[in-house]
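Please look over the sequence and the model below. A short report on selected features comes after them.

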Amino acid sequence: MKKIAVLFSALTCASFATLSHAAPLEARDCWVRAMPPNLPSSGYFTLANNGDKAVTLTGVDTPAFGMAMMHKSDTKSGTATMAPVDAVDVPAHGTLQFAPKGYHVMLEQPGKPLKIGSTIPLTFSFADKSTLDVSCAVKSAATVGN
């Protein structure tokens, strides 16, 4: 009987430990800019890494567009540039923001016109082969922030 009580106690502690830890990765405030049909759009979000190790975002995919690519906008000496990026690190216990005028997801070849107020799915891929599925709100092209 004592062995059963010890085993039950160990299982109970293990269950609470699992429940008390937040998921290592989460995406917040995901939105996609609504654009006229046949024009590229962009996606924005914040990735939070609650884990003890940095993770590397290596790609984004969505069935709503024919192509999704990570980019970074930069302004130097008054000139704005945009360049593709292959991977972006999310620090341990930190966040990475994809926002206008910074990192963003270029979304090209829309499958159908985006309706403000609807949502589209994005799937984030990481270097460790894990993925994270997110639902993103479609917002007006005039939206400046999340």
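This report covers a disulfide, aromatic pairs, a hairpin and two single residues.

The model is predicted. Residue numbers start from 1 along each chain.

**The disulfide**

A search of the whole structure turns up 1 disulfide. Cys30 is joined to Cys136, with an S to S distance of 1.9 Å. The link is right-handed, with 70 degrees about the S-S bond. Cys30 sits in strand E1 and Cys136 in strand E10 (residues 131-139), so the bond ties together parts that lie 106 residues apart in sequence. Is Cys136 buried or exposed? Cys136 is buried, at a relative accessible area of 0%. Cys30 also counts as buried, at 9% relative accessibility.

**Aromatic pairs**

The structure holds 4 aromatic pairs. Two of them are described here. Trp31 and Tyr44 make a tilted pair, 4.6 Å from centre to centre, with 40 degrees between the planes. Trp31 belongs to strand E1 (residues 25-33) and Tyr44 to strand E2, so this pair ties together parts 13 residues apart in sequence. Trp31 is buried, because its relative accessibility is 0% and the cut-off for buried is under 20%. Tyr44 counts as buried too, at 5%.

Phe98 and Tyr103 form a stacked pair. Their ring centres are 5.4 Å apart, and the planes differ by 25 degrees. That angle counts as stacked because the limit is under 30 degrees. Phe98 is buried at 0% relative accessibility, whereas Tyr103 is partly exposed at 21%. Which residues share one aromatic cluster with Phe98 and Tyr103? They are Phe45 and Phe124.

The table sets out the accessibility of the residues in these pairs and in the disulfide.

| Residue | Relative accessibility | Class |
|---|---|---|
| Cys30 | 9% | buried |
| Cys136 | 0% | buried |
| Trp31 | 0% | buried |
| Tyr44 | 5% | buried |
| Phe98 | 0% | buried |
| Tyr103 | 21% | partly exposed |

**The E4–E5 hairpin**

Strand E4 (residues 65-76) and strand E5 (residues 79-84) run antiparallel. How many bridges join E4 to E5? There are 6 bridges. Thr75 stands opposite Ala80 in E5. The two strands form a hairpin, with 2 residues between them. Ser77 is in the turn and has a positive phi of about 55 degrees.

**Gln109**

Gln109 lies in strand E8 (residues 103-110). Gln109 is partly exposed, with a relative accessible area of 48%. What does Gln109 touch, leaving out residues up to four places away in sequence? The contacts are Ala64, Phe65, Gly66 and Met67. Gly66 is 43 residues from Gln109 in sequence. In space, the two lie 4.9 Å apart, C-alpha to C-alpha.

**Ser41**

Ser41 is placed in strand E2 (residues 41-49). Is Ser41 buried or exposed? Ser41 counts as buried, at 4% relative accessibility. Neighbours within four places in sequence are set aside for its contacts. Ser41 then meets Val32, Arg33, Ala34 and Met35, among others. Phe65, Val105, Met106, Leu107 and Leu114 are also in contact with Ser41. Phe65 appears in the contacts of Gln109 as well.

Key. This is a predicted model: local features need pLDDT of at least 70, side-chain atom pairs count only at pLDDT 80 or more; totals for chains, interfaces and linings use all residues. Side-chain values use heavy atoms; hydrogens and water are left out. Two strands pair if DSSP finds at least two bridges between them. Helices (H or I, at least four residues) and strands (E, at least two) are DSSP runs, numbered from the N terminus. Buried means under 20% relative accessible area, exposed over 50%, partly exposed in between (1.4 Å probe, protein chains only). Contact means heavy atoms within 4.5 Å. Rings of Phe, Tyr and Trp (its six-membered ring) pair if their centres lie within 6.5 Å; planes under 30 degrees apart count as stacked, over 60 as edge-to-face and the rest as tilted. A disulfide is a pair of cysteine sulfur atoms within 2.5 Å.
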